[in-house]
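Please read the points below alongside the coordinates. They cover one helix serine, the aromatic pairs and the cysteines.

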Amino acid sequence: MASSVAVDIAKLWAPSNLRKAAPGIALCCAIATVAFVANARHWMQFGKVFIPPLIVTLVIGMMLQPLSARNVLKPGLEFAGRTLLRTGVALYGVQLTLGQLVNGGALPIVIAIAAVGLTIVFGALAARAMGLSRDFGFLTGCATGVCGAAAAMATSAVLPRHENSDRDLAFAVMGVNFISTITMVVYPPLHTALGFSNFETGVFLGGAIHDVAQVAGAGQTLGPTVLSDAIITKLLRVAFLLPAVTGIAWWVAKSGQAAGDARPSPPVFLFGFLALAALYSFGLVPAEVRDAITQISSFLIILAIAALGMKTSLLALARI
């Protein structure tokens with residue numbers, strides 16, 4: 001398993017692959033740079049109203065969505081929205097110590113277990129109640145409960161194939177991205193109305209928003225403290241990807257159906273996050289290096305949101 005993961009990572013970062021991805025990455029960088037400059041020069045401050053750079057990036061990306069159909073941009077958008085995002089989240093680990101990861105006690109763990117387990121079960125039951133297949137419920141439930149599009153694709157790989165498999169996967173991926181994008185914008189302002197503390201807000205965002213990108217985006221709009229707790233809670237959910245998909249495959253096989261033979265790869269970026277947190281905990285990361293990595297992490301997350309916006313097609317979702 002470890003050797004195959006290493007090979008996959010090497011292929012992902014191979015020069016030939018990066019050359020193909022360069023145009024799309026460059027466009028996302030340009031969008032993120034516009035948002036950063038607008039934020040630095042206070043162009044998005046209107047009296048007491050402040051529009052975070054992440055929202056600016058998302059809006060610009062969605063305005064440029066028609067460009068995402070161009071073949072020259074597709075590899076870069078995919079690379080930015082997945083690989084660079086996860087790199088940014090992994091690099092965020094350099095801002096936290098191992099002690100901070102457990103400061104929240106059992107609450108984030110309980111939230112993660114509940115969010116994953118109950119959502120998958122609810123998905124299966126709700127699908128049956130609506131006259132849909134149990135497998136469709138597993139697909140959408142795992143995508144919502146664990147980590148969005150990545151969980152949808154991993155679940156689809158272990159479910160029995162049928163004539164509508166690709167359509168169902170497309171609906172789950174686009175649906176979870178669309179709803180996550182909405183909640184990324186809507187949820188952060190609720191922390192005042194709900195009377196949540198920063199810690200409770202972080203756990204709420206990490207436990208309620210589907211995809212890693214949107215959790216990072218929502219947390220970033222409320223500051224580093226909320227972002228830390230949101231990412232920790234979210235990564236606890238991500239850690240359940242393998243057990244959740246394995247459990248679904250077991251349940252499918254138990255019911256007498258032939259499960260898919262694909263197996264999801266472990267969330268490598270989660271291990272990177274923990275490794276950097278450990279290095280920082282032992283004082284092995286100089287302050288200036290930590291500050292530089294922090295800036296890179298923030299930029300990569302914003303850059304990934306640009307890719308997300310460009311890949312969000314309301315028309316395509318409506319068609320499915």
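1. This is a predicted model, and the points that follow should be read as values computed from it. Ser228 is the starting point: the residue sits in helix H13, which spans residues 224-238. Its relative accessibility is 11%, under the 20% limit, so Ser228 counts as buried.

2. What does the side chain of Ser228 reach? Its partner is the backbone oxygen of Pro224, at a distance of 2.8 Å. Once neighbours within four places in sequence are set aside, Ser228 is in contact with Tyr92 and Leu96.

3. Turning to the aromatic rings, the count comes to 5 aromatic pairs. One of these is formed by Phe136 and Phe171. Their ring centres are 6.0 Å apart and the planes make an angle of 35°. Because that angle is neither under 30 degrees nor over 60, the pair is classed as tilted.

4. Which helices hold the two rings of this pair? Phe136 belongs to helix H7 (residues 134-147) and Phe171 to helix H9 (residues 165-186). The two residues are 35 apart along the chain, and the pair links distant parts of it. Phe136 is buried, since its relative accessible area of 15% is under 20%. Phe171 has a relative accessible area of 34%, which makes this residue partly exposed.

5. Tyr187 and Phe204 also form a tilted aromatic pair, with 5.1 Å from centre to centre and 40° between the planes. Tyr187 lies in the loop between H9 and helix H10 (190-194), whereas Phe204 is in helix H11 (residues 198-208), so the pair ties together parts that are 17 residues apart in sequence.

6. Are Tyr187 and Phe204 buried or exposed? Tyr187 is partly exposed, at a relative accessible area of 22%. Phe204, at 25% relative accessibility, likewise counts as partly exposed. Both residues belong to one aromatic cluster together with Phe196.

7. On the cysteines, the count of disulfides comes to 0. For Cys29, the nearest cysteine sulfur is that of Cys28, 7.3 Å away. A disulfide needs the two sulfur atoms within 2.5 Å, so Cys29 is in no disulfide.

8. The accessibility of two cysteines can be added here. Cys29 has 25% relative accessibility and therefore counts as partly exposed. Cys142 is at 0% relative accessibility, so Cys142 counts as buried.

Terms used:
Residues are numbered from 1 along each chain as its sequence is written. This is a predicted model: local features need pLDDT of at least 70, side-chain atom pairs count only at pLDDT 80 or more; totals for chains, interfaces and linings use all residues. Side-chain values use heavy atoms; hydrogens and water are left out. Helices (H or I, at least four residues) and strands (E, at least two) are DSSP runs, numbered from the N terminus. Buried means under 20% relative accessible area, exposed over 50%, partly exposed in between (1.4 Å probe, protein chains only). A polar contact is a pair of N or O atoms within 3.5 Å; within protein, one must be able to donate a hydrogen and the other to accept it, and residues adjacent in sequence count only if both atoms are side-chain atoms. Contact means heavy atoms within 4.5 Å. Rings of Phe, Tyr and Trp (its six-membered ring) pair if their centres lie within 6.5 Å; planes under 30 degrees apart count as stacked, over 60 as edge-to-face and the rest as tilted.
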